[in-house]
Amino acid sequence: MKQHSSYWAFMVHRVSGIALAAFLPLHFWTLASALQHSLAWTEQPLVKLGEWLVVVALAAHLGGGLRVLALEFLPWRDWQKSLAAAAAALAVGVGLGGARRQ
Amino acid sequence: MAQRASAAVLAVCVTVHLFTIVYAVRGGLSAQEILERTRGSVAWFAFYSLFVLAVTVHVPIGLRSVCTEWLRWRGRSRDFALLLFAALLAWAGMRAVVGVFA
Amino acid sequence: MKVLVKRTAGYQEFEVPREPSQTVLDVVTYIQRKLDPTLAYRFACRVGMCGSCAMTVNGVPRWTCRTHVDRVLEKETITVAPLRNLPVIRDLVVDMGEFFDKWARAKGQFRGEQTRRDDFAKVSPSSGNRRQADAGIECIGCAVCYSACDVVKWNPDYLGPAALNRAWTLINDVRETRNLERLRAVAGDAGCHACHTHVSCTERCPKGLSPTASIAGLKRAVAKALVKGEL
C-alpha cells in the first residue's frame, strides 16, 4: 500500500534498529577477536559485507533517530518535517560514502 | 525518557565513532597500528565505555517496542529476556573495549 | 461502477450507477435503499460536520460524505469497509466504546475550580498555552485518526491520537486543576511515548488537526515533569 513519507521514515528506523540489535553482538565479538589476533580474516568478503551493512544500518538509524528527536523536542513547524527527512538522508549518504571506502 | 537520553548520547558517540573509523580505514592502518594508538588511552577507553553503556540502555528499550508491537510479547518474560540481552551487550561490548583500549 | 462492501459475512459486490458530484456516502446509501436494505451503516449530518459516516475507503479511513467518488475511484471500483482498529457490530458499523473509554483514561474531561459566582477566567487567545490548545480543540471524536494509527493496531492498550490530542489541549488549559494526574495518565507505556511519529493521524484528520504535534507536546511535558521530579 502506498504510504506517506513519515511512515517509511519510521519503517527504516525500526528495521535498521532490529538489524543493529541483531548484528551488534557479532560486531563486538568480531572486533575483539580481530584486533587480538589479526585483521587478516576480516578481509573475507562476507565479513566486509556484514560490517558495511552495520555502517549503513547505523547511519539510517541515526538519521531516523535525529528526525524523531527533532519532531519531538523542537517547536513544531511543518517545514521541519522536510528538514528532518533531509537530515536523515544526509546521514545515510555519509554512512554509505564512508562505508564504501572500506 | 531513558530512551531519549541514551539516544542523544548515542547521536554524539555514533558520529564520533563513524568519523574515527572512516579516518582509520582511509589511512589504511593495520591492526598493529590501530592498537598502538588505542592501547592505554584513558580518554578513548572512557569514551567507548560510555558508548557501550548508552548502547546497553538504548537497544533493549527499542526492542521492547518491537516485542510489544510486532511479536505481541508482553510482561515479565519479555522484560527479563531484554535484561539478559542488555547483559550480553554489556559483556561483549566491554570485552571489545578492554581488548582495544586497556 | 463496482462497489465492494465488507460486510459481517465477507465482501459483497454491488453495481452502482455513477452520478455527478457523487460521494461515497451517496453510494452506500444507494446500496442500502435500492439494492440491499439489510446493509448497516452510520451517518447523520451528511455535510462534513459530525464525523459519523467515517469508514475505510480503498484502505484509507475517511468521512464518506466528504469523499467524492471521482477522487477515489480505482479502475471503476471502490472498496468500502468499516473503520479499522475497532470491533465491528455489523457490516460497516463499529463499536466506538473503546475509543471513548481511552478518551476518559487519558483524562479527557475538563475539571475547573471556578463557580458561577466567580468572575470569568481571563485567558488571552494569543498566549502560547492557548494557541497550543486551540490547535487541537476542534476534534469531534470521529475516530479516523484512531483507525489510521498503526500503533493502535499493534498495541491494543495504546490510548491513541485523539485521546492524547485531547489531553494536550487540557494540559494547556490554564483553568485546569488535574494536570498532574493527566500527565501521569499519558506518561505510561500505553501513552504518548508509544507514538512512533508515523504521522498517519495528522495525514488523515478531516479537520486538519495534528495529533502528532500534540503528542510531541505531551512527550516534552512529561520529560519536563520528570526532570523536575513532579512525576
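**A walk from chain B to the core of chain C**

Let's start with chain B: among its contacts with a separation of 6 or more, 84% are between residues 24 or more positions apart. Keep in mind as you look around that this is a predicted model. Chain B has four helices and zero strands, so to read it from the N terminus is to read α-α-α-α, helix after helix. Of the 102 residues in chain B, 22% are buried.

Next, follow chain B over to chain C. Five residues of chain B and five residues of chain C make up the contact. On the chain C side, two helices each supply at least two residues: H6 (150-154) and H10 (211-228). Sorted by class, that side of chain C has four nonpolar residues and one polar residue, with no charged ones.

Now for chain C itself. The domain assignment splits it into domain 1, residues 2-94, and domain 2, residues 97-228. Their C-alpha centres are 30 Å apart, and the contact between them takes twelve residues from domain 1 and 14 residues from domain 2. If you look at the domain 1 side, you'll find strands E3 (54-57) and E4 (60-63) of chain C, each with at least two residues in the contact. E4(C) gives the most to this side, with three residues. The class mix on the domain 1 side is six nonpolar, three polar and three charged residues.

That brings us to the inside. In soluble globular proteins, nonpolar side chains tend to be buried together. Here, the largest nonpolar core has 64 residues, and the ones with the most contacts inside it are Val80(C), Ala143(C), Leu164(C), Ala167(C), Val186(C) and Leu218(C). Helix H7 of chain C, residues 161-171, gives the most to this core: seven residues. Where does this core sit relative to the two domains of chain C? It lies between them, because domain 1 (2-94) and domain 2 (97-228) both give residues to it.

Val186(C) is a good place to zoom in. Leaving aside residues up to four places away in sequence, Val186(C) touches Ala106(C), Leu159(C), Leu164(C), Ala167(C), Gly191(C), Cys192(C) and Leu218(C). Three of the names on that list, Leu164(C), Ala167(C) and Leu218(C), are also among the residues with the most contacts inside the core.

One last stop: there is a second, separate core of 25 residues, which includes Ala57(A) along with Val52(B), Val57(B) and Val59(B). That takes us back to chain B, with its four helices.

Terms used:
Residues numbered from 1 in each chain as written. Chains lettered and ligands numbered in written order. Predicted model: local features only at pLDDT ≥ 70, side-chain atom pairs only at ≥ 80, totals over all residues. Core = buried A, V, L, I, M, F, W, Y, C linked by C-beta atoms within 7 Å. Buried ≥ 20, exposed ≤ 12 C-beta atoms within 10 Å, placed from the backbone. Domains from an automatic or database assignment. Contact = placed C-beta atoms within 7 Å. Nonpolar A, V, L, I, M, F, W, Y, C, P; charged D, E, K, R; others polar.
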